[in-house]
Amino acid sequence: MPSTVRIEITPGAITEILKSPEVQADLRARAERIAAAAGDSEDYEVDSRVGATRARASVRTASYAAMKDEAKNRTLTRALDAGR
Amino acid sequence: MSVAELIIAPDPVDLVVTELTTGVGQRPGFEGVRAGGSVPIPRPRRFVRVRSVGGAQNSVVHLTPTVVVEAYADTDGDAAALGWLCHAIMLAAGRNLSMGGSPCSDVGVFALPQDLPDPTTDQARSTATYAVSLRGVAA
C-alpha cells in the first residue's frame, strides 16, 4: 500500500536558511576561492552581505590591471569554476 | 580488467561558431559577418569571436562549458546589435536542442550582452557569457 508523504514548509524557513551563517560562510568561501584562482589578492576584492531574502557574495576587480586582464583574457570569468 | 570507454566531448567553440556563422549570415544587414575562435586576419569591420572559458562536467556524458561570445563592430550601437542577434541565436539553439548540429539540452545565460570595448584596439565590442549543455560521444 503506497504511503503518503506530506511536506509542510514553515513560512520564512527557506529565507532563514538562505540567510543563515552557514550559507554566508559557504558563499564567502566560494568567492574567496574564485578570487584566489583569479590572481593576486590586491587585484580582486571579495564582498559578502545579507540581503532581504538571501545572503550574497561577490568578487570584483580591484585594480586597473585586473580590469584590463578581465577585458582582454577573461581571467576572472575563467576563475568562476573554482567556486563550484 | 575492464577498460573504461572513452567519451569525447565536442569542442564548444566549434559548435557555437557554426551556429552563429549560419544564423548571423542569414539575417538581412548581417550578410558576410562570420564567427570564429580567434580574431580574423585581416580584421573585418564586424565579426564575432567565441571563447571557451571553463565550465563543468556534470556526468560521464553531460558537460556544460562556459562560452563567451564577443561581437565586434565599428560603433557601440552596431556591436550591441550584433551581440543581441547572437544572443537570440544562442537562445534559439537551446530551444531547438541543437548547437552547430550537435545535441544541446540547454543554453543558460551567465551574462547578457554588455558593452566592453576591446582593451587592445579600443574597438567597440559587446560581450555575453553562456553555459551550453552538451553531450559527449563514445569514441
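**Entry 1: chain B, contacts**

Among contacts in chain B between residues at least 6 apart in sequence, what percentage join residues at least 24 apart? I looked this up to get started, and the value is 60%. I also note here that I am working with a predicted model.

**Entry 2: chain B, elements and overall form**

Next I listed the secondary structure of chain B and found two helices and eight strands. Going along the sequence, I wrote down the pattern β-α-β-β-β-α-β-β-β-β.

Then I turned to the overall dimensions. The C-alpha trace of chain B spans about 60 × 30 × 25 Å along its principal axes. I checked the radius of gyration as well: chain B has 16 Å, which agrees with a compact globule of 139 residues, because such a globule would have a value near 14 Å.

I looked at the surface too. Of the 139 residues in chain B, 46% count as buried. Chain B exposes about 7000 Å², and carbon and sulfur atoms supply 55% of that area. For charges, I found 10 positive and 13 negative side chains in chain B, with the centres of the two sets 2 Å apart.

**Entry 3: the sheet in chain B**

Which order do the six strands of the open sheet in chain B have? I read it as β2-β3-β4-β7-β6-β5, with mixed pairing. At the edges I found β2 (35–36) and β5 (98–99) of chain B, each of which pairs on one side only.

I followed the pairings from the β2 edge. β2(B) and strand β3 (residues 47–57) of chain B run parallel and are joined by two bridges. Here Ala35(B) stands opposite Val48(B) in β3(B).

The step after that is antiparallel: β3(B) pairs with strand β4 (residues 62–73) of chain B over nine bridges. Four residues lie between β3(B) and β4(B), and the two strands form a hairpin. I picked out one of the bridges, where Ser52(B) has Val67(B) in β4(B) as its partner.

I then moved to another pair in the sheet. Strand β6 (residues 102–115) and strand β7 (residues 124–135) of chain B are antiparallel, with eight bridges between them. Val109(B) has Tyr130(B) in β7(B) as its bridge partner.

I added a reminder for reading the strands in the viewer: in a regular strand, side chains alternate between the two faces of the sheet.

**Entry 4: Ser133(B)**

I stayed with β7 for a moment, since Ser133(B) has its place in that strand of chain B. Is Ser133(B) buried or exposed? Its relative accessible area is 8%, so Ser133(B) is buried.

I also looked up what surrounds this serine, leaving aside its neighbours within four places in sequence. Ser133(B) is in contact with His62(B), Leu63(B) and Thr64(B), and also with Pro103(B), Cys104(B), Ser105(B) and Asp106(B). Going back to the strand ranges, I see that β4 of chain B covers residues 62–73 and that β6 of chain B covers residues 102–115.

**Entry 5: Val17(B)**

Where is Val17(B) placed? I found it in helix α1 (residues 12–25) of chain B. Val17(B) counts as buried because its relative accessibility is 16%, and the cut-off for buried is under 20%.

Leaving aside neighbours within four places in sequence, I found Val17(B) in contact with Ala35(B), Gly36(B), Gly37(B) and Val50(B). I had already met Ala35(B) in the sheet, opposite Val48(B).

I took one C-alpha distance as well: Val17(B) and Gly83(B) are 66 residues apart along the chain, and their C-alpha atoms are separated by 14 Å.

**Entry 6: chain A**

Last, I went through chain A. How many helices and strands does chain A have? I counted four helices and two strands, and from the N terminus on they run α-α-β-β-α-α.

I repeated the check on dimensions. A compact globule of 84 residues would have a radius of gyration near 12 Å, but chain A has 18 Å. The C-alpha trace of chain A spans about 65 × 30 × 15 Å along its principal axes.

Of the 84 residues in chain A, 24% count as buried. Among contacts in chain A between residues at least 6 apart in sequence, 48% join residues at least 24 apart. Chain A exposes about 5900 Å², with 54% supplied by carbon and sulfur atoms. Chain A has 14 positive and 13 negative charges, and their mean positions are 6 Å apart.

Conventions:
Residues numbered from 1 in each chain as written. Chains lettered and ligands numbered in written order. Predicted model: local features only at pLDDT ≥ 70, side-chain atom pairs only at ≥ 80, totals over all residues. Heavy atoms only, no water. Rg over C-alpha atoms; globule rule 2.2 N^0.38 Å. Buried < 20%, exposed > 50% of the residue type's maximum accessible area, 1.4 Å probe, protein only. Contact = heavy atoms within 4.5 Å. Areas by Shrake-Rupley, 256 points an atom, 1.4 Å probe, with all protein chains shown as cover. Lys, Arg positive; Asp, Glu negative; His and termini not counted. Charge placed at Lys NZ, Arg CZ, Asp CG, Glu CD. Pairing = 2+ DSSP bridges.
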